[in-house]
Amino acid sequence: MANTKSAIKEIRVAAARHERNKSVRSVTKTNVRKAESSVAAGSAEAQDDVKVAISSLDKAAASGIIHANAAARKKSRLVKKLNKTATAK
């Protein structure tokens, strides 16, 4: 257990930050999953879903919630899947 006043406050701050980051991470994962499923299904709004997912990944990376390289990797894989289904048609 934390002994100093500053350590106790840091625990509170970290818990608040964790809650805030958890919701952003959840929304980002949801957007990525939705984009992947629409690309796999070949739906008409697949491109829009990918744009939304890329935007949420960029926002999460900009605020440090996920690593920048992880966001870039996920964006790259999404666009690669989108292009693969677009050329297959």
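These legends walk through several close-up views of a predicted model.

The model is predicted, so local features need pLDDT of at least 70 and side-chain atom pairs count only at pLDDT 80 or more, while totals for chains, interfaces and linings use all residues. Residues are numbered from 1 along each chain as its sequence is written, and side-chain values use heavy atoms, with hydrogens and water left out.

**View 1. The nonpolar core brings together residues from H1, H2 and H3.**
A nonpolar core here is a set of buried Ala, Val, Leu, Ile, Met, Phe, Trp, Tyr and Cys residues joined through side-chain atoms within 4.5 Å. Buried means under 20% relative accessible area, exposed means over 50%, and partly exposed lies in between (1.4 Å probe, protein chains only). The largest such core holds 13 residues, and Val50, Ile66 and Leu78 touch the most other members. H1, helix H2 (46–62) and H3 each give two or more residues to this core. Which helix gives the largest share? H2 does, with 5 residues. The helices themselves are DSSP runs (H or I, at least four residues), numbered from the N terminus. As background, nonpolar side chains tend to be buried together in soluble globular proteins.

**View 2. A patch of positive charge gathers on the surface.**
Look for Lys29, Arg33, Arg73, Lys74, Arg77, Lys80 and Lys84, the residues of this patch. Patches are made of residues with over 30% relative accessible area and no salt bridge, with like charges joined within 9 Å and nonpolar side chains (Val, Leu, Ile, Met, Phe, Trp, Tyr) within 5 Å. Lys and Arg count as positive and Asp and Glu as negative, while His and the chain ends are not counted. The place of a charge is taken as NZ of Lys, CZ of Arg, CG of Asp or CD of Glu. Accessible areas come from the Shrake-Rupley method with a 1.4 Å probe, and for residues only the protein chains shown count as cover. Helix H1 (5–41) and helix H3 (68–88) each supply at least two residues of the patch, and H3 provides the largest share, 5 residues.

**View 3. Two members of the patch, Lys29 and Arg73, seen one at a time.**
Lys29 sits in helix H1. Is Lys29 buried or partly exposed? Lys29 counts as partly exposed because its relative accessibility is 48%. Arg73 belongs to helix H3 and, at 41% relative accessibility, is partly exposed as well. From Arg73 to Ile54, the distance is 11 Å, C-alpha to C-alpha, and the two are 19 residues apart in sequence.

**View 4. Lys75 and Asp58 meet in a salt bridge.**
A salt bridge is a side-chain nitrogen of Lys or Arg within 4 Å of a carboxyl oxygen of Asp or Glu. In general, side chains of opposite charge can pair when their charged atoms come close. The whole structure has 4 salt bridges. For Lys75 and Asp58, the N to O distance is 2.6 Å. Lys75 lies in helix H3 and Asp58 in helix H2, so this pair ties together parts that are 17 residues apart in sequence. Lys75 is partly exposed at 23% relative accessible area, and Asp58 is partly exposed at 34%.

**View 5. Helix H1 holds the salt bridge of Lys22 and Glu19.**
How far apart are the closest N and O atoms of Lys22 and Glu19? They are 3.3 Å apart. Both residues lie in helix H1, 3 residues apart, which is about one turn of the helix. Lys22 is partly exposed at 40% relative accessibility, and Glu19 is partly exposed at 46%. Another salt bridge joins Glu10 and Arg17, whose closest N and O atoms are 3.9 Å apart. Glu10 is partly exposed at 41%, and Arg17 is partly exposed at 36%.

**View 6. Gly64 and Glu45 lie in loops.**
Gly64 is in the loop between H2 and H3, and counts as exposed because its relative accessibility is 56%. Gly64 and Ala16 are 15 Å apart in space, C-alpha to C-alpha, with their positions 48 residues apart in sequence. Glu45 is in the loop between H1 and H2, where it is partly exposed at 44%. The C-alpha atoms of Glu45 and Ala35 are separated by 9.0 Å, and these residues are 10 residues apart along the chain.
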